[in-house]
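Let's learn to read a few structural features together, one question at a time.

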Amino acid sequence: MNSAARLHRIYDKLAAQQNDQPMVKTWADVLEIDKDNPHCEDDVTACLMALRSEITLTRQRLDAIGVPMNLTSPAFERLRQVAAPGQLHSSWHGHRGNIKPPECRKVFEWAEWALRDEDEGDMPAEDMTALREKLAALEAALQDTEMSPYLHDFIQRQVDTIRAALRVYRVQGARPLKDAMRKVVGDLQVEDKRLRAEAAEASDEAKGVLRQAGEVIEKTAEVCDNLDKIGNLVERGWTLASTVGPFLLSYFSKGG
(Lines give C-alpha, C1' and ligand atoms only; values in the text may rest on other atoms or scores of the structure.)
Protein backbone atom coordinates (compact mmCIF):
# COMPACT_ATOMS: atom_id res chain seq x y z
CA MET A 1 0.00 0.00 0.00
CA ASN A 2 1.32 3.43 -0.95
CA SER A 3 0.46 6.87 0.46
CA ALA A 4 -2.34 7.45 -2.07
CA ALA A 5 -3.76 4.00 -1.33
CA ARG A 6 -3.95 4.92 2.36
CA LEU A 7 -5.79 8.13 1.46
CA HIS A 8 -8.10 6.10 -0.79
CA ARG A 9 -8.89 3.65 2.01
CA ILE A 10 -9.61 6.47 4.48
CA TYR A 11 -11.73 8.31 1.91
CA ASP A 12 -13.84 5.22 1.21
CA LYS A 13 -14.48 4.61 4.92
CA LEU A 14 -15.37 8.26 5.43
CA ALA A 15 -17.70 8.42 2.43
CA ALA A 16 -19.51 5.29 3.65
CA GLN A 17 -20.47 6.83 7.02
CA GLN A 18 -24.25 7.03 7.46
CA ASN A 19 -24.83 8.36 10.98
CA ASP A 20 -25.17 12.10 11.44
CA GLN A 21 -22.90 12.79 14.39
CA PRO A 22 -20.10 15.20 15.32
CA MET A 23 -17.04 14.76 13.13
CA VAL A 24 -14.96 13.68 16.13
CA LYS A 25 -17.14 10.56 16.37
CA THR A 26 -17.24 10.07 12.61
CA TRP A 27 -13.46 10.19 12.43
CA ALA A 28 -13.21 7.84 15.41
CA ASP A 29 -15.29 5.31 13.43
CA VAL A 30 -13.19 5.79 10.29
CA LEU A 31 -9.86 5.57 12.13
CA GLU A 32 -10.97 2.73 14.44
CA ILE A 33 -10.51 4.74 17.63
CA ASP A 34 -12.55 3.86 20.71
CA LYS A 35 -15.22 6.56 21.02
CA ASP A 36 -15.61 5.85 24.76
CA ASN A 37 -11.91 6.42 25.44
CA PRO A 38 -11.50 9.61 27.51
CA HIS A 39 -8.60 10.54 25.20
CA CYS A 40 -10.64 9.96 22.02
CA GLU A 41 -10.55 13.57 20.83
CA ASP A 42 -6.79 13.83 21.42
CA ASP A 43 -6.21 10.58 19.49
CA VAL A 44 -8.46 11.71 16.63
CA THR A 45 -6.68 15.07 16.49
CA ALA A 46 -3.26 13.38 16.32
CA CYS A 47 -4.47 11.17 13.46
CA LEU A 48 -5.99 14.09 11.57
CA MET A 49 -2.74 16.04 11.76
CA ALA A 50 -0.97 12.93 10.43
CA LEU A 51 -3.60 12.64 7.68
CA ARG A 52 -3.10 16.25 6.58
CA SER A 53 0.66 15.61 6.44
CA GLU A 54 0.04 12.46 4.38
CA ILE A 55 -2.06 14.43 1.90
CA THR A 56 0.84 16.88 1.50
CA LEU A 57 3.35 14.03 1.16
CA THR A 58 1.24 12.29 -1.47
CA ARG A 59 0.99 15.51 -3.47
CA GLN A 60 4.80 15.81 -3.27
CA ARG A 61 5.18 12.22 -4.51
CA LEU A 62 2.93 13.04 -7.45
CA ASP A 63 4.83 16.28 -8.12
CA ALA A 64 8.03 14.21 -8.35
CA ILE A 65 6.61 12.22 -11.28
CA GLY A 66 5.19 15.29 -13.02
CA VAL A 67 1.50 14.98 -12.12
CA PRO A 68 -0.27 18.38 -12.53
CA MET A 69 -2.12 19.82 -9.52
CA ASN A 70 -5.47 19.81 -11.31
CA LEU A 71 -5.44 16.01 -11.52
CA THR A 72 -5.84 15.70 -7.74
CA SER A 73 -8.65 18.26 -7.55
CA PRO A 74 -11.14 18.40 -5.90
CA ALA A 75 -10.54 15.28 -3.83
CA PHE A 76 -7.29 16.19 -2.06
CA GLU A 77 -8.51 19.66 -1.09
CA ARG A 78 -11.86 18.39 0.20
CA LEU A 79 -10.35 15.60 2.28
CA ARG A 80 -7.88 18.07 3.76
CA GLN A 81 -10.69 20.48 4.63
CA VAL A 82 -12.81 17.89 6.40
CA ALA A 83 -9.71 16.61 8.25
CA ALA A 84 -9.18 19.98 9.94
CA PRO A 85 -9.23 19.68 13.77
CA GLY A 86 -11.37 22.81 13.82
CA GLN A 87 -14.17 20.81 12.18
CA LEU A 88 -14.36 18.13 14.90
CA HIS A 89 -17.54 19.45 16.46
CA SER A 90 -19.34 20.13 13.20
CA SER A 91 -21.91 17.67 11.81
CA TRP A 92 -20.89 14.91 9.40
CA HIS A 93 -23.93 15.53 7.21
CA GLY A 94 -22.72 19.08 6.72
CA HIS A 95 -19.62 17.68 4.95
CA ARG A 96 -21.04 14.55 3.36
CA GLY A 97 -22.27 16.16 0.15
CA ASN A 98 -18.82 17.66 -0.47
CA ILE A 99 -17.05 14.34 -0.01
CA LYS A 100 -19.37 11.86 -1.75
CA PRO A 101 -19.19 12.93 -5.45
CA PRO A 102 -17.75 10.13 -7.63
CA GLU A 103 -15.08 12.40 -9.07
CA CYS A 104 -13.45 12.45 -5.63
CA ARG A 105 -13.17 8.66 -5.51
CA LYS A 106 -11.76 8.57 -9.05
CA VAL A 107 -8.94 10.93 -8.02
CA PHE A 108 -7.86 8.62 -5.20
CA GLU A 109 -8.14 5.53 -7.40
CA TRP A 110 -5.97 7.15 -10.06
CA ALA A 111 -3.39 8.47 -7.56
CA GLU A 112 -3.09 5.02 -5.98
CA TRP A 113 -2.35 3.53 -9.40
CA ALA A 114 0.13 6.31 -10.26
CA LEU A 115 2.19 5.58 -7.11
CA ARG A 116 1.96 1.79 -7.37
CA ASP A 117 5.76 1.43 -7.48
CA GLU A 118 5.95 2.84 -3.93
CA ASP A 119 3.83 0.09 -2.36
CA GLU A 120 4.87 -1.30 1.02
CA GLY A 121 3.46 -4.21 2.97
CA ASP A 122 0.30 -3.88 5.06
CA MET A 123 0.57 -4.82 8.74
CA PRO A 124 -1.48 -7.94 9.56
CA ALA A 125 -4.11 -7.37 12.24
CA GLU A 126 -2.41 -9.95 14.46
CA ASP A 127 0.86 -7.97 14.41
CA MET A 128 -0.96 -4.78 15.41
CA THR A 129 -2.75 -6.66 18.20
CA ALA A 130 0.47 -8.30 19.40
CA LEU A 131 2.34 -4.98 19.55
CA ARG A 132 -0.46 -3.27 21.44
CA GLU A 133 -0.70 -6.15 23.89
CA LYS A 134 3.05 -6.14 24.46
CA LEU A 135 2.98 -2.38 25.08
CA ALA A 136 0.09 -2.73 27.52
CA ALA A 137 1.86 -5.57 29.37
CA LEU A 138 5.10 -3.58 29.52
CA GLU A 139 3.33 -0.52 30.85
CA ALA A 140 1.52 -2.60 33.48
CA ALA A 141 4.82 -4.17 34.58
CA LEU A 142 6.38 -0.72 34.66
CA GLN A 143 3.69 0.54 37.03
CA ASP A 144 3.95 -2.52 39.29
CA THR A 145 7.75 -2.61 39.61
CA GLU A 146 9.89 -0.44 41.84
CA MET A 147 12.80 1.15 40.02
CA SER A 148 14.63 4.46 39.86
CA PRO A 149 12.66 7.41 38.47
CA TYR A 150 15.23 7.61 35.68
CA LEU A 151 14.63 4.03 34.47
CA HIS A 152 10.88 4.43 34.83
CA ASP A 153 10.84 7.60 32.74
CA PHE A 154 13.22 6.13 30.15
CA ILE A 155 11.06 3.05 29.56
CA GLN A 156 7.84 5.08 29.57
CA ARG A 157 9.27 7.32 26.81
CA GLN A 158 9.87 4.28 24.62
CA VAL A 159 6.33 3.04 25.26
CA ASP A 160 4.89 6.45 24.36
CA THR A 161 7.04 6.71 21.22
CA ILE A 162 6.01 3.31 19.83
CA ARG A 163 2.36 3.73 20.81
CA ALA A 164 2.19 7.12 19.06
CA ALA A 165 3.59 5.52 15.89
CA LEU A 166 1.01 2.71 16.03
CA ARG A 167 -1.77 5.27 16.50
CA VAL A 168 -1.07 6.85 13.11
CA TYR A 169 -0.04 3.66 11.28
CA ARG A 170 -3.29 3.41 9.32
CA VAL A 171 -2.74 6.98 8.12
CA GLN A 172 1.00 7.06 7.44
CA GLY A 173 2.07 3.43 7.15
CA ALA A 174 5.50 2.17 8.22
CA ARG A 175 7.25 5.54 8.23
CA PRO A 176 6.24 6.56 11.80
CA LEU A 177 7.30 3.15 13.11
CA LYS A 178 10.71 3.48 11.49
CA ASP A 179 11.02 7.00 12.87
CA ALA A 180 10.12 5.61 16.30
CA MET A 181 12.94 3.07 16.03
CA ARG A 182 15.40 5.83 15.16
CA LYS A 183 14.23 7.81 18.18
CA VAL A 184 14.50 4.79 20.49
CA VAL A 185 18.02 3.93 19.33
CA GLY A 186 18.97 7.61 19.55
CA ASP A 187 17.76 7.67 23.16
CA LEU A 188 19.88 4.61 23.91
CA GLN A 189 22.97 6.17 22.39
CA VAL A 190 22.55 9.59 24.00
CA GLU A 191 21.91 8.14 27.45
CA ASP A 192 24.30 5.22 27.17
CA LYS A 193 26.43 5.77 30.29
CA ARG A 194 23.58 6.76 32.58
CA LEU A 195 21.39 3.89 31.37
CA ARG A 196 24.13 1.29 31.94
CA ALA A 197 24.88 2.64 35.41
CA GLU A 198 21.22 2.66 36.43
CA ALA A 199 20.57 -0.78 34.97
CA ALA A 200 23.57 -2.24 36.82
CA GLU A 201 22.09 -1.09 40.15
CA ALA A 202 18.52 -2.16 39.35
CA SER A 203 16.69 -5.00 41.13
CA ASP A 204 16.08 -8.31 39.37
CA GLU A 205 12.45 -7.28 38.87
CA ALA A 206 13.48 -3.99 37.27
CA LYS A 207 15.96 -5.83 35.05
CA GLY A 208 13.07 -8.04 33.95
CA VAL A 209 11.12 -4.97 32.89
CA LEU A 210 14.17 -3.75 30.98
CA ARG A 211 14.34 -7.07 29.14
CA GLN A 212 10.63 -6.78 28.40
CA ALA A 213 11.24 -3.30 26.97
CA GLY A 214 13.96 -4.72 24.74
CA GLU A 215 11.58 -7.40 23.45
CA VAL A 216 8.97 -4.77 22.57
CA ILE A 217 11.54 -2.68 20.70
CA GLU A 218 12.85 -5.69 18.80
CA LYS A 219 9.32 -6.83 17.91
CA THR A 220 8.58 -3.35 16.54
CA ALA A 221 11.73 -3.53 14.40
CA GLU A 222 10.65 -6.94 13.06
CA VAL A 223 7.22 -5.57 12.14
CA CYS A 224 8.91 -2.71 10.26
CA ASP A 225 10.98 -5.23 8.30
CA ASN A 226 7.85 -7.20 7.38
CA LEU A 227 6.30 -4.02 5.98
CA ASP A 228 9.36 -3.10 3.92
CA LYS A 229 9.28 -4.45 0.39
CA ILE A 230 12.62 -2.96 -0.68
CA GLY A 231 13.94 -6.33 -1.75
CA ASN A 232 17.48 -5.28 -2.57
CA LEU A 233 18.10 -4.34 1.08
CA VAL A 234 16.77 -7.67 2.30
CA GLU A 235 18.78 -9.56 -0.31
CA ARG A 236 21.95 -7.84 0.92
CA GLY A 237 21.17 -9.01 4.45
CA TRP A 238 20.09 -5.63 5.84
CA THR A 239 17.07 -5.53 8.11
CA LEU A 240 16.10 -3.17 10.90
CA ALA A 241 15.77 -6.04 13.36
CA SER A 242 19.26 -7.36 12.55
CA THR A 243 20.64 -3.87 13.15
CA VAL A 244 18.66 -3.06 16.29
CA GLY A 245 18.74 -6.54 17.88
CA PRO A 246 22.46 -6.85 18.69
CA PHE A 247 22.50 -3.22 19.80
CA LEU A 248 19.69 -3.95 22.29
CA LEU A 249 21.48 -6.96 23.73
CA SER A 250 24.16 -4.75 25.26
CA TYR A 251 21.45 -3.01 27.30
CA PHE A 252 18.68 -5.48 27.91
CA SER A 253 19.97 -9.06 27.75
CA LYS A 254 20.82 -9.12 31.45
CA GLY A 255 19.28 -5.83 32.44
CA GLY A 256 22.54 -3.92 31.79
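**Reading helices and rings**

Q: How many residues of helix α2 are buried?
A: Buried means under 20% relative accessible area, with a 1.4 Å probe and protein chains only. Helices are DSSP runs (H or I, at least four residues), numbered from the N terminus. In α2, which spans residues 23–31, seven of the nine residues are buried, so to speak of it as mostly covered is fair. Among them are W27 and L31.

Q: Before we go on, what sort of model is this?
A: This is a predicted model, where local features need pLDDT of at least 70 and side-chain atom pairs count only at pLDDT 80 or more, while totals for chains, interfaces and linings use all residues. Residues are numbered from 1 along each chain as its sequence is written, and side-chain values use heavy atoms, leaving out hydrogens and water.

Q: How is a pair of aromatic rings described?
A: The distance of the centres and the angle of the planes describe it. Rings of Phe, Tyr and Trp (its six-membered ring) pair if their centres lie within 6.5 Å; planes under 30 degrees apart count as stacked, over 60 as edge-to-face and the rest as tilted. The whole structure has three aromatic pairs. F76 and F108 are stacked because their centres are 5.6 Å apart and their planes at 15°. This pair links helix α4 with helix α6, 32 residues apart in the chain.

Q: Are F76 and F108 buried or exposed?
A: Both are buried.

Notes: Buried < 20%, exposed > 50% of the residue type's maximum accessible area, 1.4 Å probe, protein only. Helix = DSSP H or I, 4+ residues; strand = E, 2+ residues; numbered from the N terminus.
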